[in-house]
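Open the model in your viewer and keep the selection panel at hand. The tour goes stop by stop, each with something to select and something to look for.

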Amino acid sequence: MIKERTDSISVELPERVGILMDRSAEDFLAKIRKRAMAGWKFGLSESSFRKILSVAGAFVLLLLLAIFFSLLIASFPAIRNFGIQFLFSSTWDPVRNEFGAFPFIVGTLATSFLALIISVVFSLPISIFLGEYSAQGSMATFIKSMIELLAGVPSVIYGFCGLFLLAPVVRTLEMKLGVAPYGVGILTASLVLSIMIIPYSASIGREVISLVPSDLKEAALSLGGTRFEVIRKVILPYAGSGIAAGILLSLGRALGETMAVTMVIGNSNFIPKSIFSPANTLASVIANEFTEATGSLYLSSLIELGLVLFVVTTVINLMGKWIVRRMGVGE
Amino acid sequence: MKEPSIRGRILWDKLFKALIVLLTFCSILPMFFILFFITSKGVSVINWRFLTHLPKPVGEIGGGISNAIIGTFMLIGIATVFSVPAGTLAGIFLSENRKGRLASLIRLCVETLQGIPSIVIGIIAYIWLVVSMGSFSALSGGLALGLMMLPVIITSTEETLKLIPESLREASLSLGVSYPRTILKVILPAGISGIMTGILLSIARVAGETAPLLFTAFGSPFMNLNILKPINSLPLMIFNYATSPYPEWHTLAWGASFILIVVVLGLNLFTKAATKKWKVQF
Amino acid sequence: MESTVLRIENFSAFFGENQVLKEFNLSIPQNRVTAIMGPSGCGKTTLIRCINRMHELIPDARVSGKMFLDSEDIYATDPIVVRRQIGMVFQKPNPFPMMSIYDNVIAGYNLNGVKLTKEEKEKIVEESLKKAALWDEVKESLHRRGTFLSGGQQQRLCIARALAMGPAVLLLDEPTSALDPRATSHIEELIVQLKETVSIILVTHNMAQAARVSDFAAFVYLGELVEFEPTERMFTAPKNKMTEEYLTGKFG
């Protein structure tokens with residue numbers, strides 16, 4: 001029955017020699033194996049190895065805690081001396097040992113939010129372009145690479161170009177407007193910063209827009225909507241929170257940006273009066289004055305500025321990442 | 001009720017698309033500007049003397065950036081020693097523990113570390129090493145850069161190892177190979193090019209960093225090979241020279257910027273291409 | 001009288017609360033090909049993964065009962081030692097991609113850090129590849145990567161790799177289901193020849209294959225051993241009604 005059928009399938013194996021091996025070869029191999037088996041040490045055990053891995057993982061956690069507590073402890077002299085008023089006082093006077101963070105908080109918020117607004121004008125169109133109009137193809141790859149390269153340019157080079165290319169333009173503008181022609185200041189810093197943070201919101205925005213389910217888009221199109229209307233009424237509302245998260249993340253980036261801002265913000269420790277005024281951000285005053293800080297209260301105040309920066313950027317970054325994760329974007 | 005005309009709606013559609021395209025292309029203009037200006041101002045400065053000589057005091061012609069180039073290499077080397085072993089092991093831990101509360105917590109820590117502003121990292125390296133050693137040093141600068149490289153290495157190692165198919169692990173285990181040896185001699189070698197790419201990516205990230213070095217490595221006009229002493233680096237030098245009042249130094253800074261941007265962008269493009277090529281393997 | 005190489009006693013396997021193998025009692029004869037047959041999901045793959053203790057690598061996996069290799073209690077020995085004596089070949093060929101053919105065959109020794117002389121290694125590689133009927137095809141290119149071979153050749157490489165360890169039992173988990181008919185017949189011929197050196201347990205959902213190559217057959221359904229007979233007897237006169245229905249294609 002079945003046996004007969006199998007007999008008719010006969011196949012020529014390419015190699016039959018060696019299957020019926022000679023006894024001596026077999027014995028030789030068996031001897032090798034016995035000797036090998038006897039000498040096979042196990043080396044590192046599984047549980048020890050897993051423990052080592054856990055230690056490596058826990059090391060990261062400890063590192064973060066150490067960073068936070070180092071900042072906190074080093075800020076104690078300032079915290080003890082000024083308390084919560086530190087955040088609202090606008091006197092920054094190393095001579096009289098009086099320190100207040102308010103001018104820098106204003107500078108940071110002003111530059112960051114202005115940069116944010118300017119950058120969104122460009123990053124949202126990029127997200128729509130790459131997410132909807134031109135998702136594939138060499139044009140898309142080119143634009144995507146260019147935007148990603150923007151993120152790769154070192155901050156000091158942005159500052160350098162900002163100082164020598166942008167500041168003169170702003171100075172001319174200020175002269176035309178009859179304002180003090182510093183050239184540097186909040187406006188210049190915000191412009192440079194806005195270019196630097198475009199890639200962050202653009203890439204996340206692009207991802208969430210491309211994740212909008214196509215059946216939603218097709219339904220709207222089949223009802224006679226134009227592409228513009230589909231984007232406005234279907235895609236943007238759907239991807240809205242993801243885009244907001246991307247903007248949030250670029251804000252986090254802007255808040256902590258140091259070198260470019262330091263080089264074009266004008267280094268003034270007073271509350272800026274207008275966008276043409278020089279100022280300082282939390283990051284730039286640290287960069288400018290840390291090496292010259294004499295006295296432990298001075299240094300401790302600068303470190304407390306760093307602590308504020310750490311806490312604020314961490315909160316914003318984690319919020320943004322959490323929203324992005326909820327939208328299901330594979331980072 | 002007046003319905004918006006079809007022609008009107010199509011017009012808006014076309015205008016919108018034009019606006020989107022315009023703004024998109026405008027946003028890549030800065031890239032071209034930067035590259036153009038740095039190249040035009042920087043290329044002419046570069047010659048053999050520029051690359052091999054030490055900086056000269058103000059007023060003297062000539063001078064080079066050799067100490068900054070060497071310093072950058074040394075700082076990256078120290079940072080790599082700090083970050084690669086710990087980062088790779090932590091990355092292996094995360095890829096071997098997909099679920100689990102400790103692993104999720106650690107992933108959160110990695111994300112947080114990644115987002116810390118670079119100047120704050122500089123403060124930390126200052127507190128930890130500069131204060132205890134009593135002086136600025138290449139070591140503290142390397143620590144700061146290493147702290148910045150760490151999260152990138154952990155994440156890319158984890159992502160790389162997650163891509164390795166389960167069948168490889170099963171093949172090894174079925175031969176009676178122990179778990180540690182399977183990870184170290186089969187899984188890790190299989191992912192080595194992805195891990196190397198991740199390390200290169202993290203180097204690209206820190207090669208251009210200045211803020212964490214301001215009060216750790218601090219900078220120096222001399223050539224220094226001693227890791228316990230202050231050391232110069234390309235970005236530091238660019239910062240110092242660009243913000244100085246001397247035009248000769250500005251010129252040097254343009255030349256240094258050209259080198260820096262070519263190296264950093266080159267690394268970025270290379271790692272992107274390498275990542276794409278590597279991902280196809282599996 | 002057949003001698004037994006592997007004895008399974010009252011063996012059950014669980015995934016958490018889910019019982020996938022129910023009180024198995026089975027004696028695998030030495031130097032014979034034993035086929036484990038049954039519809040998808042009946043537990044046959046779980047069974048052989050319990051034999052070489054790969055099942056327990058899954059979190060939440062649990063077993064009860066005993067298995068004996070010769071007289072060794074498999075579950076009282078270090079799983080690593082067990083896996084060195086019981087080899088496995090998987091459904092989809094999985095040679096190590098970074099290694100040459102030569103290194104793949106000797107991988108069991110290299111990865112375990114066993115020191116062998118060059119002559120010993122070469123002898124093992126040659127004999128294992130000859131046993132796997134692959135020697136002639138690759139002897140000129142032993143140091144090329146294993147991934148350049150065809151599917152059927154890759155599977156024979158995996159068989160050689162497992163054989164190099166000198167196992168007492170070789171577990172084959174649907175070894176030909178990913179291969180074309182020609183490669184399949186090569187491997188089936190190979191299986192029949194291999195039983196002289198090693199006892200073979202073959203999991204297959206292909207009844208015709210079981211009929212072609214095996215000496216003994218076990219029919220498993222929903223985690224239970226329904227019937228275990230010499231193949232010829234099972235296919236011509238199955239004792240159990242369910243076996244007959246499976247063999248005549250009423251389900252599966």
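Select F15(C) and N18(C). N18(C), in strand 2 of chain C, is the bridge partner of F15(C). Helices (H or I, at least four residues) and strands (E, at least two) are DSSP runs, numbered from the N terminus. The model is predicted: local features need pLDDT of at least 70, side-chain atom pairs count only at pLDDT 80 or more, and totals for chains, interfaces and linings use all residues. Residues are numbered from 1 along each chain as its sequence is written, while chains are lettered from A and ligands numbered from 1 in the order in which they are written.

**Chain C: the four-stranded sheet**

Widen the selection to residues 4–15 of chain C, which are strand 1. Eight bridges tie strand 1 to strand 2, and the two run antiparallel. Two strands pair if DSSP finds at least two bridges between them. Now show the whole sheet: it is open, with four strands in the order 2-1-4-5 and antiparallel pairing. Strand 2 (18–29) and strand 5 (72–73) of chain C each have a single partner strand, so one side of each lacks a neighbour in the sheet.

Next, pick N31(C). It sits in the loop between strand 2 and strand 3 (33–37) of chain C. Its phi is near 50°, a positive value in a residue other than glycine. Most residues other than glycine have a negative phi. Is N31(C) buried or exposed? Neither: N31(C) counts as partly exposed, with 16 C-beta neighbours inside 10 Å. The cut-offs: a residue is buried if 20 or more other C-beta atoms lie within 10 Å of its own, exposed if 12 or fewer, and partly exposed in between, with C-beta atoms placed from the backbone.

**Chain C: the six-stranded sheet**

Select A217(C) and E229(C). E229(C), in strand 10 of chain C, is the bridge partner of A217(C). Strand 9 (residues 216–221) and strand 10 of chain C pair in the antiparallel sense over six bridges. Which strand order does this sheet have? The order is 6-7-8-3-9-10, in an open sheet with mixed pairing. Strand 6 (86–89) and strand 10 (224–230) of chain C are at the edges; each has a single partner strand, so one side of each is left without a neighbour in the sheet. From one strand to the next, the twist averages 20°. Axes here are lines fitted to C-alpha atoms, for helices over the stretch in contact, and angles run from 0 to 180 degrees between N-to-C directions.

**Chain B: helices throughout**

Switch to chain B. Its secondary structure comes to twelve helices and zero strands. Of its 282 residues, 50% count as buried. Its radius of gyration is 24 Å, whereas a compact globule of 282 residues would have one near 19 Å. That radius is taken over C-alpha atoms, and the globule rule is 2.2 Å times the number of residues to the power 0.38. Along the principal axes, the C-alpha atoms of chain B fill a box of roughly 75 × 70 × 35 Å.

Zoom to F218(B), in the loop between helix 10 (192–207) and helix 11 of chain B. Phi of F218(B) is near 75°, a positive value in a residue other than glycine. F218(B) is buried, with 22 other C-beta atoms within 10 Å.

**Chain A and its contact with chain B**

Add chain A, with twelve helices and two strands. Buried residues make up 45% of its 331 residues. Now colour the interface: 66 residues of chain B are in contact with 63 residues of chain A. Contact means C-beta atoms, placed from the backbone, within 7 Å. Helix 1 of chain B supplies the largest share of the side of chain B that touches chain A, twelve residues. By class, that side has 49 nonpolar, eleven polar and six charged residues. Ala, Val, Leu, Ile, Met, Phe, Trp, Tyr, Cys and Pro count as nonpolar, Asp, Glu, Lys and Arg as charged, and the others, Gly among them, as polar.

**The nonpolar cores**

Finish with V192(A), V264(A), I238(B) and A256(B). They touch the most other members of the largest nonpolar core, which has 162 residues. A nonpolar core is a set of buried Ala, Val, Leu, Ile, Met, Phe, Trp, Tyr and Cys residues joined through C-beta atoms within 7 Å. Helix 7 (residues 186–210) of chain A gives the most to this core, with 15 residues. Centre on I238(B): not counting residues up to four places away in sequence, I238(B) touches V156(A), F160(A), A253(B), A256(B), S257(B) and L260(B). A second, separate core of 86 residues includes L26(C), M54(C), V220(C) and L247(C).

Methods:
Two residues are in contact if their C-beta atoms, placed from the backbone, lie within 7 Å.
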